[in-house]
Amino acid sequence: QWERLWFLILTSSFFLTLVWFYFWWEVHNDYNEINWFLYNRMGYWSDWSIPILVTTAAGFTYITVLLILALCHIAVGQQMNLHWLHKIGLVTTLITTVVTMSSIAQLWDDEWEMVFISLQATAPFLHIGALAAVTALSWLIAGQFARTEKATSQMLMFTAYLAVVVALYLVPLTITSPCIMEKKALGPKPAIIGHRGAPMLAPENTLMSFQKAVEQKTYGVQADVVLSYDGVPFLMHDKTLRRTTNVEEVFPERAYEHSSMFNWTDLEKLNAGEWFLQNDPFWTAGSLSRSDYLEAANQSVCKLADMLEVIKDNTSLILNFQDLPPAHPYYSTYINITLETILASGIRQQAVMWLPDTERQLVRQIAPGFQQTSGLKLDTERMREKGIVKLNLRYTKVTNEDVRDYAMANMSVNLYTVNEPWLYSILWCAGVQSVTSDSSHVLRKVPFPIWLMPPDEYHLIWITSDLISFIVIVGVFIFQKPAPDIPLLSCRWRLGSIRTYNPEQIMLSAAVRRSSRDVKIMKEKLIFSEINNGVETTDELSLCSENGY
């Protein structure tokens with residue numbers, strides 16, 4: 001019973017670590033968001049993504065090796081005999097995985113949506129892999145089925161295995177992916193908007209970052225606007241300056257103040273590039289050329305007017321705003337000041353996507369050409385009422401059906417933050433018009449979705465895989481079936497598979513080949529054990545003896 005319990009714990013640990021490993025591998029798209037999320041909770045920047053990935057891979061590998069060894073023991077009729085160190089390691093891995101998964105579910109439950117989205121890209125291939133694994137297990141299941149003497153146990157074992165196999169055969173009925181479509185139905189490639197410029201090639205929200213985005217020929221850029229204490233619009237994402245400047249060195253007593261409470265003369269004294277080279281948030285700093293490295297190290301806080309001068313000719317712009325503290329002198333007029341700066345730059349009004357809901361009516365009057373954009377998911381009727389023509393949402397907030405409905409209503413959707421080619425491919429197939437990305441230099445090189453499969457071709461692969469699996473499983477069960485009418489085959493099958501766990505047989509096979517009283521006693525016990533297990537003639541016993549028992 002204890003052996004069964006430990007095998008159950010081992011199997012449960014395998015599936016849990018497999019799910020966690022798959023989850024953490026797929027959220028690679030959001031590693032920077034996760035690190036930023038942890039930074040806000042802990043107060044300091046640290047790259048947690050890679051250590052967690054390495055630890056997860058090590059735990060999964062360890063559990064997988066233990067499971068393979070356990071299955072090998074079962075295949076030859078032995079108990080697992082799990083060492084106490086492995087028991088501690090197994091329980092520790094299981095508890096750690098459960099606690100980590102629960103923590104992510106509580107702190108950032110939205111991220112689990114990534115699993116369901118990723119399955120749209122991986123499910124057809126995971127299905128084939130799972131089918132191959134279950135088919136390979138048929139040899140072990142068939143052997144156990146043949147060795148089991150109780151009909152009830154045989155029926156339970158066969159029914160459970162059959163249920164798993166049939167479920168896998170029918171799983172494709174539940175698989176939906178926008179990339180299972182005819183090639184002629186594929187829409188245009190989604191436009192790419194640089195998230196705070198090109199933050200993998202230069203420090204975010206700096207002039208260099210937006211210059212790099214323009215060089216990459218992005219459709220547009222996204223920027224976060226704040227108003228300084230003396231009324232100068234500048235670019236900064238966080239509420240404080242700690243993460244992306246050296247404010248703790250220059251103004252240590254003001255490090256935790258809101259960024260808008262600094263005068264522009266103070267902001268000009270800060271370095272906004274060294275943090276990028278030191279923290280290396282995207283692991284790209286080492287790939288910069290010598291000139292780019294030096295330029296990044298000397299970046300300063302960027303004015304909105306300077307950024308507009310760089311992008312105004314042929315690049316669109318998504319503007320986001322930070323709410324100012326009530327004590328700010330321009331608390332009630334910062335929208336007007338920002339609008340004046342934008343209009344004075346000469347950028348086309350149609351190129352500006354205005355995101356804030358604050359004073360939207362005033363913005364329409366002053367700049368009627370702006371594309372009114374909402375960061376909230378609204379139905380099409382509400383969008384028309386509010387004059388919204390575009391949505392800017394996180395990619396986990398919309399479904400493929402939502403994208404189609406908005407497109408039919410002549411409303412466009414921009415999704416953020418999309419960094420991985422596989423996710424970009426899924427959204428391309430779904431018909432998304434544009435995405436915001438940290439890796440614009442990577443996505444612009446994606447000429448076609450990573451995979452695109454016509455429905456008929458997918459159905460053919462599905463049915464063929466099921467048929468091959470079925471034929472192999474039936475063949476294994478027939479091959480594993482004993483032949484009672486042929487004593488030699490019967491004896492070989494029985495001893496080769498070891499009908500049940502037999503201590504004397506295992507000890508005897510491992511004993512030193514020399515004459516001793518213990519070896520003779522084990523031989524006698526083995527002979528009587530074989531007689532009790534159904535060996536009826538001395539001829540069969542002699543045949544078994546020829547094999548060394």
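Biologist: Is Glu-257 buried, exposed or partly exposed?

Modeller: This is a predicted model, and the answer is computed from it. The relative accessible area of Glu-257 is 30%. Buried means under 20% and exposed means over 50%. Glu-257 falls in between, so Glu-257 is partly exposed.

Biologist: With which side chain does Glu-257 meet in a salt bridge?

Modeller: The partner's nitrogen lies 3.4 Å from the oxygen of Glu-257. That partner has 16% relative accessibility, so it counts as buried. The residue is Arg-254.

Biologist: Which residue meets Lys-269 in a salt bridge?

Modeller: Lys-269 is exposed, with a relative accessible area of 55%. Its partner counts as buried, at 13% relative accessibility. The N to O distance of the pair is 4.0 Å, and the partner is Asp-266.

Biologist: What is the N to O distance in the salt bridge of Glu-309 and Lys-312?

Modeller: Glu-309 has a relative accessible area of 49% and is partly exposed. Lys-312, at 23%, also counts as partly exposed. Their side chains meet at an N to O distance of 3.4 Å.

Biologist: How many salt bridges does a search of the whole structure find?

Modeller: Salt bridges also link Arg-196, Glu-204, Asp-224, Asp-238 and Arg-243 in a network. For the whole structure, the search gives 17.

Biologist: Which side chain makes a polar contact with the side chain of Gln-120?

Modeller: Gln-120 lies in helix H5, which covers residues 113-136. At 16% relative accessibility it is under the 20% cut-off, so Gln-120 counts as buried. Leaving aside neighbours within four places in sequence, its contacts are Thr-176, Ser-177, Pro-178, Asn-400, Ile-426 and Trp-451. The polar contact is 3.4 Å and is made with Asn-400.

Biologist: Which residues does Phe-37 touch, not counting those up to four places away in sequence?

Modeller: Phe-37 is found in helix H2, residues 31-42, and counts as partly exposed at 21% relative accessibility. Its C-alpha atom is separated by 9.0 Å from that of a residue 71 places along the chain, Trp-108. The residues touched are Leu-107 and Trp-108.

Biologist: What accessible area does the nonpolar patch that includes Val-166 have?

Modeller: Val-166 is in helix H7, residues 151-170. It is partly exposed, with a relative accessible area of 38%. The patch on the surface is formed by Phe-158, Leu-162, Val-166, Leu-170 and Leu-173. Together they have an accessible area of about 440 Å².

Biologist: How far apart are the end C-alpha atoms of residues 48-76?

Modeller: The unreviewed UniProt entry lists residues 48-76 as a transmembrane region, along with 5-25, 88-108, 114-143 and 155-175. In the model, residues 155-175 are 76% helix and 0% strand, with end C-alpha atoms 30 Å apart. Residues 48-76 are 93% helix and 0% strand. The end C-alpha atoms of residues 48-76 lie apart by 43 Å.

Biologist: Of the contacts between residues at least 6 apart in sequence, what share joins residues at least 24 apart?

Modeller: The protein has 24 helices and nine strands. Of its 549 residues, 49% are buried. For the contacts in question, the share is 66%.

Biologist: What percentage of the accessible surface belongs to carbon and sulfur atoms?

Modeller: The accessible surface of the protein comes to about 28000 Å². The part belonging to carbon and sulfur atoms is 61%.

Definitions and conventions:
Residues numbered from 1 in each chain as written. Predicted model: local features only at pLDDT ≥ 70, side-chain atom pairs only at ≥ 80, totals over all residues. Heavy atoms only, no water. Helix = DSSP H or I, 4+ residues; strand = E, 2+ residues; numbered from the N terminus. Buried < 20%, exposed > 50% of the residue type's maximum accessible area, 1.4 Å probe, protein only. Polar contact = N/O pair within 3.5 Å; in protein donor to acceptor, adjacent residues only side chain to side chain. Contact = heavy atoms within 4.5 Å. UniProt positions renumbered as here; feature names shortened; annotations may be inferred. Patch = residues over 30% accessible without salt bridge, like charges linked within 9 Å, V, L, I, M, F, W, Y side chains within 5 Å. Areas by Shrake-Rupley, 256 points an atom, 1.4 Å probe, with all protein chains shown as cover.
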